[in-house]
Amino acid sequence: MKRAGIASALGLLAVFTAYAPAPAIAGPAPAPATTAAPSADCADQPAQARVRAGSHVIERNQPGAAQVAAMEKDFHDRISKLRKKHTAAITVRVHFHVVHGSAGNIPDATLNKQLDILNAAYKGSGVTFTLAEIKRTQNAAWFSDPEGNERQMKSALHTGNAQDLNFYTADLGSSLLGWATFPSSYRSQPAMDGVVVHYQSLPGGSLGNYNEGDTGTHEVGHWMGLYHTFQGGCSGEGDQVSDTPAEQSPASGCPTGRDTCSSAGADPIHNFMDYSYDACMTEFTSGQTQRMQAQWTAYRNA
């Protein structure tokens, strides 16, 4: 079987259906400067990242079995103590932080398209994204090395509370597409909460096969509490969701019929939490929706 703990996990979810260490600062960065918009034309728990196919980048703080077990114990302990039911409708306020140098000052129109992509992807999950603000910060050091300057950047720019999505765009290099924090990290380091994505992964960007906005969809999935579909490989409890078939390793491209585990079901290559090309990623499962709602209740609406 793929997951030994699914029955107990879904039992906890039924209550409501009845319903990463942060990197060190790499020296002082220039003070941020607010700039005009262009013309119309981590945390106590590990972060999750998305990398481009064929890259040799090590998954950023990919949680191991012991880390996942600790996170899940905290989640189940917390949700079992809650007395209130979740609401099926979740509204997320999105704060776009456009960090740029000489490049990267992406227009409002692109950010609005990214918001549309999020709402289309999460349609049916009960999650809606609304624009709270677009803030532009010119800082060449943060733009070119957001990972190395993450704590300084986020400490200066983060806004809102646990229900506010801080969505940072910058240049993540040639392999890394984005990363995100988990909901359980908010309590200990609220300023680190949010997602960081490559600015060229937004709709119409220059990253071939990864420029339709679904890096944002993928990273927000982590921010809502989802693991990768290939978490844990073919054994163990996997991604803690019963209706995503087990998957040995990340998918690349759109390998229809790929089946890397002996358990039932082909690999979920069309799931937003895999590593397929953007054009191949089209769905969340009902189990993932239940998990997102329960994680929201446990950590972002408690």
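This passage looks at a cavity, a helix beside it and some aromatic pairs in a predicted model. Residues are numbered from 1 along each chain as its sequence is written. Local features need pLDDT of at least 70, side-chain atom pairs count only at pLDDT 80 or more, totals for chains, interfaces and linings use all residues, and side-chain values use heavy atoms, without hydrogens and water.

The largest cavity (a set of points on a 1 Å grid over the protein atoms alone where a 1.4 Å probe fits but cannot get out) has a volume, taken as the space filled by probe spheres set on the points, of about 40 Å³. Its lining residues, with an atom within 4 Å of a point, include Met-71, Glu-72, Phe-75 and Arg-291. Helices H2 (65-81) and H7 (286-300) each supply at least two residues of this lining; helices are DSSP runs of H or I, at least four residues.

In H2, Val-68, Met-71, Glu-72, Phe-75, His-76 and Ile-79 are buried (under 20% relative accessible area, 1.4 Å probe, protein chains only). They cover an arc of only 130 degrees around the axis, judged from the directions to the C-beta atoms, and therefore lie on the same side of H2. On the other side, Ala-66, Lys-73 and Lys-81 are exposed (over 50%).

The structure also holds 10 aromatic pairs, in which ring centres of Phe, Tyr or Trp (its six-membered ring) lie within 6.5 Å. Tyr-122 and Phe-129 pair edge-to-face (planes over 60 degrees apart), at 5.1 Å centre to centre and 70 degrees between the planes. Both Tyr-122 and Phe-129 are buried.

Definitions and conventions. 1 Å grid on protein atoms, 1.4 Å probe; cavity = no way out; pocket = protein on both sides within 12 Å on 5 of 7 lines; lining within 4 Å. Phe/Tyr/Trp six-rings, centres within 6.5 Å; stacked < 30°, edge-to-face > 60°.
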